[in-house]
Amino acid sequence: MEPTDAGVVVHTEPSWSGDPVDAAVDELTTTLRTSPQSRLDCLKARAEQPA
């Protein structure tokens, strides 16, 4: 997370590895692509809730 004049910028670098991932790459491709955005959407919604 990096504070800026406009708010906070969140940098992510998702990485999945290991035998279970290697065994199901095709099945996990959608999850690997959408999971980071989903987490960021949740983080944004929570951060924008009134205190």
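**Figure 1. Methionine 1 sits in the segment before strand E1 (2-4).** Helices (H or I, at least four residues) and strands (E, at least two) are DSSP runs, numbered from the N terminus. This is a predicted model, where local features need pLDDT of at least 70 and side-chain atom pairs count only at pLDDT 80 or more, while totals for chains, interfaces and linings use all residues. Residues are numbered from 1 along each chain as its sequence is written, and side-chain values use heavy atoms, with hydrogens and water left out. Methionine 1 comes out exposed, at 72% relative accessibility; buried means under 20% relative accessible area, exposed over 50%, and partly exposed in between (1.4 Å probe, protein chains only). Go 22 residues along the chain to alanine 23, and the two C-alpha atoms are separated by 33 Å.

**Figure 2. The whole chain, for orientation, has 2 helices and 2 strands.** Reading from the N terminus, the order is β-β-α-α. The C-alpha trace spans about 45 × 20 × 15 Å along its principal axes. The radius of gyration is 15 Å, whereas a compact globule of 51 residues would be near 10 Å; that radius is taken over C-alpha atoms, and the globule rule is 2.2 Å times the number of residues to the power 0.38. Just 8% of the 51 residues count as buried. About 4,600 Å² of the chain is exposed, with carbon and sulfur atoms supplying 53% of that area (Shrake-Rupley method, 1.4 Å probe; for residues, only the protein chains shown count as cover).

**Figure 3. The largest pocket holds about 210 Å³ of space.** On a 1 Å grid over the protein atoms alone, a pocket is an open set of points with protein on both sides within 12 Å along at least five of seven lines; a cavity is a set where a 1.4 Å probe fits but cannot get out, and lining residues have an atom within 4 Å of a point. Grid points are joined across faces, edges and corners, and a volume is the space filled by probe spheres set on the points. Met1, Val8, Val10, Gln37, Leu40, Asp41, Leu43, Lys44, Ala47 and Glu48 make up the pocket lining. Helix H2 (residues 25-47) is the top contributor, with 6 residues. By character, the lining splits into 6 nonpolar, 1 polar and 3 charged (Ala, Val, Leu, Ile, Met, Phe, Trp, Tyr, Cys and Pro are nonpolar; Asp, Glu, Lys and Arg are charged; the others, Gly among them, are polar).

**Figure 4. Alanine 47, one of the pocket-lining residues, belongs to helix H2.** Its relative accessible area is 61%, so alanine 47 is exposed. Glutamine 37 also appears in the pocket lining. Those two residues are 10 apart in sequence and 15 Å apart in space, C-alpha to C-alpha.

**Figure 5. The structure has 1 cavity of 30 Å³ or more.** The largest cavity has a volume of about 30 Å³. Around it are Pro14, Trp16, Thr31, Leu32, Ser35, Pro36 and Arg39, which divide into 4 nonpolar, 2 polar and 1 charged. Serine 35, from this lining, is in helix H2. Serine 35 is at 18% relative accessibility and therefore counts as buried. Its side chain meets that of arginine 39 in a polar contact of 2.6 Å (a pair of N or O atoms within 3.5 Å; within protein, one must be able to donate a hydrogen and the other to accept it, and residues adjacent in sequence count only if both atoms are side-chain atoms).

**Figure 6. Glutamate 13 lies in the loop between strand E2 (7-9) and helix H1 (19-23).** With 77% relative accessibility, glutamate 13 counts as exposed. Proline 36 is 23 residues further along the chain, yet the two C-alpha atoms are separated by 8.5 Å. Proline 36 is also one of the residues lining the largest cavity.
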